[in-house]
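Trainee: Please take me through one part of this model closely. I would like the sheet, its neighbours and how the strands are arranged.

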Amino acid sequence: MDSIRVFLRLKPCDDERQCVEVTGPSSVRFLTRSAEEPQRFTFDAVGGPECRQEDVWEAVGRELTDECLRGYNATIFAYGQTGSGKTYTMQGDVDSHDFGMIPRCFEYLYAELAKRSGEWKTSIRCTFVEIYNETVYDLLAADDADMETARTVREQRNGAVYVEGAREEALGSASDALRVFLRGSQNRHVAETRMNRESSRSHSIFTLFLHSTRHGAVEETRQSRFNLVDLAGSERQQATGTVGVRLKEAGNINRSLLALSNVISALSETGLSAKHVHYRDSKLTFLLRESLGGNARTVIIACVSPALACHGETLSTLRFAQRAKLIQNRPVVNQEMHGSVADLQAEIRRLQDLLDAVPQATVNGAVQQQEQV
Ligand code: ADP
Ligand code: MG
């Protein structure tokens, strides 16, 4: 069992008076306007306004990328109102080499793969989709017509959920991966201007699929998915003065984030009785079902602005993030072994011999260490 972890990131702000104050490495104080007691919030970690991209990577990204390499599914959500730093956190300012989580993940992933290439052979593919107005689009589509095609979310017999027909790209290197990712990001902007999809209102989901094999006496395979999600702005959509398509859109954005919020509430209240969790209420929660109370390690990076003007939205993000921390996931290594019964028995004997050769104290130490992870 593994709780969803929450990293709170505060955007730099020049205002003299602010609505959030960092009070420790994992705590903040929300200052109300009235004379009421300030509200305190505790997360797994807090990055203040001076927190650098590298710090967020070290606190969140490196560990999750390692987990993926070990065969666990992982997901990072960036949550917060428009302008709070979600895209900055996930992508960064690539032109000025101020890289966010995703480019850093590529660099690290391929450096690690090079280190273990003698033992494991790994192939990496990706998809990049956008959910806009409760419709899924492929950001890696070949042309405009393809990019306007609504995609269907389907469930495989083994329970895995995927976007049908979404283009999968094979990624050979970190620079390859970055190129593909930036092409998808660029398409998000193209869709914004040409197809009138406002990007602050869309969720973008970049997914890496890792497939590793190791040949020894038996063949081992590990598979994992890494979802890197830049959510739509969490601000309440103003329905007043909005008509027609935009009004429907506002409703649908609320629907996805509302469904996310409901799923999180249900999971935090009922623990693991996932039967009553309404994943199918939105495309977002259905597609990311495994990351919410399922087989995945999940981190939410909650982005807030400490500016007084953002006071209401900042409080609502803090509350959302607080609830999300209560969810328990059940990650398992997605590993299989293939070989004859004799091969597998030989492998068990080999592992048993290795274990017998290790002094008992070390074994206990290793076990304890593992439990802390
Ligand atoms: P969002 O994706 O949540 O709408 P952005 O990531 O686009 O917000 O951030 C809005 C603006 O604020 C951008 O110009 C971005 O560069 C800047 N920004 C956000 N967070 C930070 C930060 N931690 N440090 C410096 N600049 C930031
Ligand atoms: Mg953004």
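Mentor: Start with the term itself: two strands count as paired if DSSP finds at least two bridges between them. Keep in mind that this is a predicted model.

Now the sheet. Three strands form it, and it is open. Their order is 3-4-5, with antiparallel pairing. Strand 3 (20-24) and strand 5 (39-42) are the edge strands. Each of these two pairs on one side only. From one strand to the next, the twist averages 30 degrees.

Look next at the pairing of strand 4 with strand 5. Strand 4 covers residues 27-30. Four bridges join strand 4 to strand 5, in the antiparallel sense. For one residue pair, take R29: its bridge partner in strand 5 is R40.

A helix packs on this sheet. That is helix 8, residues 311-324. Helix 8 touches strand 3, strand 4 and strand 5. The direction of helix 8 makes about 45 degrees with that of strand 5.

One residue outside the sheet also deserves a look. Q53 is found in helix 1, which spans residues 53-69. The relative accessible area of Q53 is 5%, so Q53 is buried; the cut-off for buried is under 20%. Leaving aside residues up to four places away in sequence, Q53 touches R9, Y88, T89, G92, D98, F99, G100 and R104. D98 appears again at the polar level: its backbone oxygen lies 3.5 Å from a polar atom of the Q53 side chain.

Conventions. Residues numbered from 1 in each chain as written. Chains lettered and ligands numbered in written order. Predicted model: local features only at pLDDT ≥ 70, side-chain atom pairs only at ≥ 80, totals over all residues. Heavy atoms only, no water. Buried < 20%, exposed > 50% of the residue type's maximum accessible area, 1.4 Å probe, protein only. Polar contact = N/O pair within 3.5 Å; in protein donor to acceptor, adjacent residues only side chain to side chain. Contact = heavy atoms within 4.5 Å. Axes fitted to C-alpha atoms, helices over the stretch in contact; angles between N-to-C directions.
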